[in-house]
Amino acid sequence: MNRALIVIDVQESFRAGPQWEAISDPEIAGKVNRLVRLARAAGDLVVWVLHSEPGTGGLFDPALGQVRLMEELRRAEGEPLIHKTSHNAFTTTNLQQLLTERGIGELTVCGIRTEQCVETTTRVAADLGYRVTFVVDATATGPIPHRDAPTGRSVAEILADPRTLPAEEVVRRTEYALSGRFATVTTVGRLEAGAALPA
């Protein structure tokens, strides 16, 4: 086994927030479960990552109880669970040490948000020398307001603003930015059909 599946921030913190209604794929947990089944069947390591912002009083503050895997996901015994406080899964964790100790050189990544923590983890992993597969349809994100838009607006107001970047465009931009540079971009279905990277 020299591969690992990194599941990034598929946690209740997102579902508990108002922006969840505009998420690109509210059924992301089902696609992640499909990847987890593939990884376990292949003998690959599954690493679970949660984003945490202690002391903030927000949805990512562990004290509020939402910093936990979505209820549809089940971590198996022995699968690492790490908590990060940065956008990527390496900087504030022992992820690289964990992977190095197990001789892992290839990563498959999925999770929330496509362009934020999942993309950033992918870029850092590539720079660290890992061979990365980015499973684009097992990621999810929301629309991004324009930089000059006022803060504190409702989801409806954000969506109504013509300057807002729709979630679908965010995902598309990420595919273009990563493919051939930082990762191989693929889908859950292609991996299930055997279109995976060679072992």
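Helices and strands are stretches picked out as DSSP runs, with at least four residues for a helix and at least two for a strand, and they are numbered from the N terminus. With that in hand, glutamate 72 can be placed in the loop between β2 and β3. The model in which it sits is a predicted one, and the paragraphs below start with the whole chain before returning to single residues.

Seven helices and six strands make up the secondary structure of the protein. Read from the N terminus, their order is β-α-α-β-β-α-β-α-β-α-α-β-α. The radius of gyration is 16 Å, close to the 16 Å given by the globule rule for 199 residues, so the protein is as compact as a globular protein of that length. Along the principal axes, the C-alpha atoms fill a box of roughly 50 × 35 × 30 Å.

Of the 199 residues, 48% are buried. The accessible surface amounts to about 9,500 Å², and carbon and sulfur atoms account for 50% of that area. Contacts also reach across the sequence: among those between residues at least 6 apart, 75% join residues at least 24 apart. As for charge, the protein carries 21 positive and 25 negative charges, and the mean positions of the two sets are 3 Å apart.

Aspartate 9 is a good place to look in detail. This residue is found in the loop between β1 (3-8) and α1 (12-15). With a relative accessibility of 0%, aspartate 9 counts as buried, because buried means under 20%. Beyond its neighbours within four places in sequence, aspartate 9 is in contact with Phe14, Val49, Leu50, His51, Lys84, Ile112 and Cys117. The backbone is worth a glance here too. Most residues other than glycine have a negative phi. Aspartate 9, in contrast, has a positive phi, near 60°.

Ile112, one of the contacts of aspartate 9, also takes part in a backbone feature. Most peptide bonds are trans. The bond from isoleucine 112 to arginine 113, however, is cis, with omega near -10°. Arginine 113 itself is found in the loop between β4 (106-112) and α4.

Aromatic rings come next, and the structure holds two aromatic pairs. In one of them, the ring centres of phenylalanine 14 and phenylalanine 60 are 5.1 Å apart with the planes at 75°, so the pair is edge-to-face. Phenylalanine 14 belongs to helix α1, while phenylalanine 60 is in the loop between β2 (45-51) and β3 (81-84); the pair thus links distant parts of the chain, 46 residues apart. Phenylalanine 14 is buried, with a relative accessible area of 13%, and phenylalanine 60 is buried as well, at 16%.

Phenylalanine 90 and tyrosine 130 form an aromatic pair that is stacked, at 5.9 Å centre to centre and with 25° between the planes. Phenylalanine 90 lies in the loop between β3 and α3 (95-101), and tyrosine 130 in the loop between α4 (114-127) and β5 (131-140), so this pair ties together parts that are 40 residues apart in sequence. Both phenylalanine 90 and tyrosine 130 are buried.

The loop between β2 and β3 holds further residues of interest, among them glutamate 72 and proline 80. Glutamate 72 has a relative accessibility of 36% and therefore counts as partly exposed. Not counting residues up to four places away in sequence, glutamate 72 touches Arg15, Ala29 and Asn33. Leucine 99 is 27 residues from glutamate 72 in sequence, and their C-alpha atoms are 26 Å apart in space.

Proline 80, at 11% relative accessibility, counts as buried. Apart from residues up to four places away in sequence, proline 80 touches Leu45, Val46, Val47, Trp48, Arg75, Leu98 and Arg102. Leucine 98 is 18 residues away from proline 80 along the chain, and the C-alpha atoms of the two are separated by 8.8 Å.

Methods: Residues numbered from 1 in each chain as written. Predicted model: local features only at pLDDT ≥ 70, side-chain atom pairs only at ≥ 80, totals over all residues. Heavy atoms only, no water. Rg over C-alpha atoms; globule rule 2.2 N^0.38 Å. Buried < 20%, exposed > 50% of the residue type's maximum accessible area, 1.4 Å probe, protein only. Contact = heavy atoms within 4.5 Å. Areas by Shrake-Rupley, 256 points an atom, 1.4 Å probe, with all protein chains shown as cover. Lys, Arg positive; Asp, Glu negative; His and termini not counted. Charge placed at Lys NZ, Arg CZ, Asp CG, Glu CD. Phe/Tyr/Trp six-rings, centres within 6.5 Å; stacked < 30°, edge-to-face > 60°.
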